[in-house]
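Reader: I would like to learn how to read charged and nonpolar features from a set of coordinates. Could we work through one case together, step by step?

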Amino acid sequence: MGNISYQEVEAALKKFRPFLLRDGGDYELIDVSSDGIVKIRLLGACETCPSSDLTLKMGIELTLAEKIPGFKEVVQVY
C-alpha cells in the first residue's frame, strides 16, 4: 500500500460534499497522513449536529474506504 495524497482524498470527497451542503453543513480537509489517517473538521450545521459521528463514519469514512487503497480512518478535528 502506498501513501495516499491530499488531492486523492479531496477528489473522492467531492461527490459526498453536496449531501453535507444540502443540510447546511460542510467539511474542511485538515490533514492526510502517510499512514492513511484523514483529519477532517465538520463545519456549519454539521458542527453541532447530533448525527455528526454517523456522518464521519458511515458517510465520509465509507466513501474513502471504497475509493482509496491504503485509507484507514477518519478523525474529527475540533
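Author: Let us begin with a charged residue, bearing in mind that this is a predicted model. Glu10 counts as buried because its relative accessibility is 18%, and buried here means under 20%. As for its place in the fold, Glu10 belongs to helix H1.

Reader: Which residues is Glu10 in contact with, once its neighbours within four places in sequence are left aside?

Author: With those neighbours left aside, the contacts of Glu10 are Arg17, Tyr27 and Leu29. A separate way to place Glu10 is by backbone distance: its C-alpha lies 9.6 Å from that of Glu28, while the two residues are 18 apart in sequence.

Reader: How should I read the pairing of Glu10 with Arg17, and which salt bridges does Arg17 form?

Author: The general idea is to look for a side-chain nitrogen of Lys or Arg within 4 Å of a carboxyl oxygen of Asp or Glu. In this model the side chains of Arg17 and Glu10 form such a salt bridge at 3.8 Å, N to O, and Arg17 forms another with Asp26, where the closest N and O atoms are 2.7 Å apart. Arg17 itself is classed as partly exposed because its relative accessibility is 23%.

Reader: Where does Asp26 lie, and what does it touch?

Author: Asp26 is part of strand S1. Not counting residues up to four places away in sequence, Asp26 touches Arg17, Leu20, Leu21, Arg41, Leu42, Leu43 and Cys46. The pair it makes with Arg17 also registers as a polar contact between the two side chains, at 2.7 Å.

Reader: How many salt bridges are there by this rule, and which parts of the chain does the pair of Glu73 and Lys57 link?

Author: The count comes to five salt bridges. One of them joins Glu73 to Lys57, with the closest N and O atoms 3.8 Å apart. That pair links distant parts of the chain, since Glu73 sits in strand S3 (residues 73-76) and Lys57 in helix H4, 16 residues apart. Glu73 is partly exposed, with a relative accessibility of 34%, and Lys57 is likewise partly exposed, with a relative accessible area of 34%. Through shared partners, salt bridges also join Glu10, Arg17 and Asp26 into one network.

Reader: Turning to the nonpolar side, which members of the largest nonpolar core touch the most other members?

Author: As a general idea, nonpolar side chains in soluble globular proteins tend to be buried together. Here the largest nonpolar core has 19 residues, and those touching the most other members are Val9, Val38, Ile40, Ile60, Leu64 and Val74. At least two residues of this core come from each of helix H1 (6-13), strand S1 (25-32), strand S2 (37-44) and helix H4 (52-67). To follow one member, Ile60 is in contact with Leu13, Phe16, Ile40, Leu42, Thr55 and Val74, leaving aside its neighbours within four places in sequence.

Reader: Is Met58 of helix H4 buried or exposed, and which residues make the nonpolar surface patch?

Author: Met58, which is found in helix H4, counts as exposed because its relative accessibility is 53%, the cut-off being over 50%. Together with Leu54 and Leu62, Met58 makes a nonpolar surface patch of about 310 Å².

How values were computed: Residues numbered from 1 in each chain as written. Predicted model: local features only at pLDDT ≥ 70, side-chain atom pairs only at ≥ 80, totals over all residues. Heavy atoms only, no water. Core = buried A, V, L, I, M, F, W, Y, C linked by side-chain atoms within 4.5 Å. Buried < 20%, exposed > 50% of the residue type's maximum accessible area, 1.4 Å probe, protein only. Helix = DSSP H or I, 4+ residues; strand = E, 2+ residues; numbered from the N terminus. Contact = heavy atoms within 4.5 Å. Patch = residues over 30% accessible without salt bridge, like charges linked within 9 Å, V, L, I, M, F, W, Y side chains within 5 Å. Areas by Shrake-Rupley, 256 points an atom, 1.4 Å probe, with all protein chains shown as cover. Polar contact = N/O pair within 3.5 Å; in protein donor to acceptor, adjacent residues only side chain to side chain.
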